[in-house]
Amino acid sequence: MERIVVLGGAESGVGAAVLAKVKGFDVFLSDNGKIKDEYVQTLKKWEIPFEEGGHTPELVLNANQVVKSPGIPDTAPMVKALRAKGIRIVSEIEFACHFDSAKKICITGSNGKTTTTSLIYYLLKNAGLNVGLGGNIGKSYAMQVATEKFDYYVLEISSFQLDDTYNFRPDIAIITNITPDHLDRYDHKMENYVKAKFKITRNLRPEDCFIFDSDDAITIGHLSKIVIKARMLPFSQEKTLEQGAFLDKDRIVMRVGQSQSEIYLRELSLGGKHNIYNSMAAALAAKASGLDDETIRMSLKSFLPIEHRLEPVLTVGGVTYINDSKATNIDSAWYALECQTRPVVWIVGGKDKGNDYGILEKLVREKVKAIVCLGIDNEKIHKAYEGIVGSDRIVDTRSAEDAVKAAAALAKDGDVVLLSPCCASFDLFKSYEDRGQQFKEAVRKL
């Protein structure tokens with residue numbers, strides 16, 4: 001019996017372990033840290049042997065194949081040991097795809113992929129299709145393949161999940177955009193990060209579909225170097241397209257095959273330039289999946305914002321509080337600031353990933369009246385923006401509650417308090433979700 005060892009005991013790893021168990025493999029899960037109670041209970045329920053707090057070489061290095069969770073870098077000692085022995089290492093989505101025949105719509109990119117994924121799922125659900133949502137959002141793909149039966153999957157996929165894929169193939173692949181992010185995992189080389197994202201396209205067939213932002217210079221630059229066999233459906237806000245989606249004054253025009261349809265911007269439930277791109281990508285995926293124009297239009301009108309992504313929380317004393325905790329890089333924060341139409345008190349900071357804050361200087365000058373830093377080390381933020389908003393208008397805090405109180409003191413009737421941190425959350429919080437939840441709770445206490 002083939003032995004499958006899973007490295008990592010969170011959502012991805014536990015899902016892969018359950019799938020391996022269901023398919024009759026000899027399976028063992030190993031985590032270098034502590035496994036959350038909910039995942040321990042799942043492993044016990046499925047009678048899957050596991051260890052936590054370290055890897056036992058004798059129990060890992062005897063694997064025929066290893067499924068590595070996306071959070072584990074190739075520099076981890078056990079991963080190096082496995083590669084030295086020539087043991088095959090695959091990602092969870094690679095492992096799961098061999099046991100799944102459903103149609104897959106897969107979305108990657110640096111920004112907008114969660115909103116685009118959620119939009120596409122909503123569109124397909126409204127069309128009455130039997131569809132699962134997973135990948136980097138919700139339940140793991142492997143767990144759903146193990147325990148459920150869907151005709152379609154809509155999967156948000158990170159570059160880490162695409163690492164160690166070989167045969168994984170979407171029916172519809174989407175790259176929302178590519179901007180510098182996670183470069184520490186790619187030898188600080190942008191080219192390596194771009195290639196990781198484009199792995200989503202490498203197995204596409206002529207009958208498949210590739211949807212991409214033709215206004216994104218990095219995407220277009222890499223496309224000029226490779227050959228993609230699938231049908232290409234670009235989207236743009238800057239030019240007219242023969243096929244794909246483009247902006248024509250106050251409406252989106254979609255051309256797929258011989259069909260043309262339109263939707264007016266005023267009908268979209270999501271505002272902001274970035275959400276026009278997200279809506280275009282989602283609509284093209286829906287159109288390529290055979291959905292009718294009316295279902296697409298009505299779904300784009302009725303979709304509600306996702307949690308932690310430009311999520312309105314409350315209006316208190318005439319000040320609107322917005323939770324954009326999922327904005328963990330410069331580009332995401334750029335979009336969040338760009339779509340604001342009222343003076344902003346900006347809550348920013350956290351674990352810096354090598355941010356170039358100069359990119360946001362123009363928007364800060366135009367939109368931001370005060371800054372509340374929420375992080376342990378805020379020196380770069382002070383250096384970038386003190387000369388713009390004034391040193392007396394930048395406040396340092398180390399908790400969501402203090403950040404909200406400071407922002408409330410700086411804001412007045414008609415302003416927006418925007419949590420859009422630009423940074424990872426791990427200096428003060430468990431995750432961006434934890435940061436967003438604590439922010440919302442603090443707002444409710446005002």
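**Exercise 1. Is C422 buried or exposed, and what does its sulfur do?**

Start with accessibility: C422 has 0% relative accessibility, so it counts as buried (buried is under 20% relative accessible area, exposed over 50%, partly exposed in between, with a 1.4 Å probe and protein chains only). Next, look for a partner: the nearest cysteine sulfur, that of C423, sits 5.8 Å away, and C422 is in no disulfide (a disulfide here is a pair of cysteine sulfur atoms within 2.5 Å).

A word on the ground rules. This is a predicted model, where local features need pLDDT of at least 70 and side-chain atom pairs count only at pLDDT 80 or more, while totals for chains, interfaces and linings use all residues. Residues are numbered from 1 along each chain as its sequence is written, and side-chain values use heavy atoms, with hydrogens and water left out.

**Exercise 2. Work out why C209 has no bond to C106.**

Check the distance: the closest cysteine sulfur to that of C209 is in C106, and at 12 Å it's too far for a bond. Then check the surroundings: C209 is buried, with a relative accessible area of 3%. Finally, the tally for the structure is 0 disulfides.

**Exercise 3. Find the strand order of the open sheet of 5 strands, then place helix 1 on it.**

Read off the order first: 3-2-1-4-5, with parallel pairing. Strands are DSSP runs of E with at least two residues, helices are H or I runs of at least four, and both are numbered from the N terminus; two strands pair if DSSP finds at least two bridges between them. The edges are strand 3 (50–51) and strand 5 (88–91), each pairing on one side only. Now add the helix: helix 1 (residues 11–22) packs on the sheet and touches strand 1, strand 2 and strand 4 (65–68), a contact being heavy atoms within 4.5 Å. Its direction makes about 165 degrees with that of strand 2 (axes are lines fitted to C-alpha atoms, for helices over the stretch in contact, with angles from 0 to 180 degrees between N-to-C directions).

Zoom in on one pair of strands: strand 1 (residues 3–7) and strand 2 (residues 26–30) run parallel over 5 bridges. There, V6 has L29 in strand 2 as its bridge partner.

**Exercise 4. Which residues does H308 touch?**

Locate H308 first: it's in the loop between helix 12 (293–302) and strand 15 (311–316). With 4% relative accessibility, H308 counts as buried. Leaving out residues up to four places away in sequence, H308 touches N323, D324, S325, K326, Y432, E433, G436, Q437 and K440.
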